[in-house]
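Thanks for taking a look at this one with me. Below are a few points to guide a first visit, with the pockets up front and a sheet after them.

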Amino acid sequence: MTLHKSASIAIFLIILMAGCLQHPANPDYCKCCPKCEDFPSGNSTSISRSQFQYMQPCYNPNNSNEFVFHYRDYETNTFQLVKYNIKTNEKEILINDFYTIFQPKWGENNWILCTDLNNSIWKIKSNGDSLSSVAYVGANYDPDWDCSNTHIIYTYSLNGANKHSVVLKDYKTNSVDTISRRSAPTLSISNTNILAIDAWCNISLANLSDSLVWTQITNVDCTENYDDGKSRIVSLFWHPNSKDIYYCRIFDGIYTINIDDLIEKRIKNACDTRHYLTVSVSPDGDKLLVERIHGYWADYKIYHDSKIYIMDIDGCNEKEVVIDMGE
């Protein structure tokens, strides 16, 4: 197996700087964080959703106006993978009756990877053709493309409960290699083939190769945050400059870190009434597309409704992407 190794210098620099980790360097950096309110204590802890949900957006890496997302209508039991153009408002249903559990990943080769409710990975062309299986044995999670778009990297375990492995598959020959025994529930690959993974509340990097050597680049005490999960990382995505990573800490907001200076910056805050589950960076590097949870109290229940928002790369000018799913 031959993979690009142009990121080795960057990894070497990270290793040298690993003793200088900070979290965050400036907690007051967040310049576009509106007031955020928590629910009163004692409210119900059960979570409900209303009828329409817009989830897990991911940019087309070849077009900053286009993205794919998962649509759910709980009253009609409609579950769809949908392609949408922000500029023209055109939408196209790529897969019907499909329930995704991870963010789809769109490759420059115009193939989209997605994971279904049975923990099986599928790929489909961005025009809706050629739906085919990638991995269906065991539990398979959060796939992404390497920078050559010839290998698919994902997390695998036998039954979802035991220790996970990072797997690399050549999608043309179907050959499979286990390249790490380290658990990686969420992952993203840079344009220079640096693999970023989360381990609950910290990020580690490795140069994508036959044997991964990991370097942790954030420094959060996960034991202090384990019970409430506030700092748990639930989504991460590389900027096209292959230097900056954007990620969601579930009840703490959206963060970014530069792999050269290793300084974390929070660009959006979060609370009970507003938090973020998914982030994607536009191919021109100017915008963030996110799944934002609108939390509210109604009918003696807490509701978490998923909506898609777009904002500038620094977290400012946030606004909802309103998508009409009517015929």
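Which strands each supply at least two residues of the lining of the largest pocket?

1. Please keep in mind that this is a predicted model. The strands that answer the question are strand 2 (52–60), strand 10 (139–145), strand 15 (194–199), strand 18 (233–238) and strand 22 (274–281). Strand 18 gives the most, with 4 residues.

2. The largest pocket holds about 620 Å³ of space. Its lining is made up of 27 residues, and those nearest the centre are Ile-101, Phe-102, Thr-186, Arg-232 and Val-234. Sorted by class, the lining has 13 nonpolar, 8 polar and 6 charged residues.

3. Now for the second largest pocket, with a volume of about 420 Å³. Here 23 residues form the lining, and Pro-61, Glu-108, Ile-189, Asn-191 and Phe-237 are the closest to the centre. At least two lining residues come from each of strand 2, strand 6 (105–106), strand 10, strand 14 (187–189) and strand 18. The class split for this pocket is 12 nonpolar, 7 polar and 4 charged.

4. Strand 18 is also worth following into its sheet. This open sheet of 4 strands runs in the order 18-19-20-21, and the pairing is antiparallel. Strand 18 and strand 21 (264–268) are the edge strands, each pairing on one side only. From one strand to the next, the twist averages 25 degrees.

5. A closer view of one pairing: strand 18 and strand 19 (residues 244–249) run antiparallel and are joined by 5 bridges. Across this pair, Ser-235 stands opposite Cys-248 in strand 19.

How values were computed. Residues are numbered from 1 along each chain as its sequence is written. This is a predicted model: local features need pLDDT of at least 70, side-chain atom pairs count only at pLDDT 80 or more; totals for chains, interfaces and linings use all residues. Side-chain values use heavy atoms; hydrogens and water are left out. On a 1 Å grid over the protein atoms alone, a cavity is a set of points where a 1.4 Å probe fits but cannot get out, and a pocket is an open set with protein on both sides within 12 Å along at least five of seven lines; lining residues have an atom within 4 Å of a point. Grid points are joined across faces, edges and corners, and a volume is the space filled by probe spheres set on the points. Ala, Val, Leu, Ile, Met, Phe, Trp, Tyr, Cys and Pro count as nonpolar, Asp, Glu, Lys and Arg as charged, and the others, Gly among them, as polar. Two strands pair if DSSP finds at least two bridges between them. Axes are lines fitted to C-alpha atoms, for helices over the stretch in contact, and angles run from 0 to 180 degrees between N-to-C directions.
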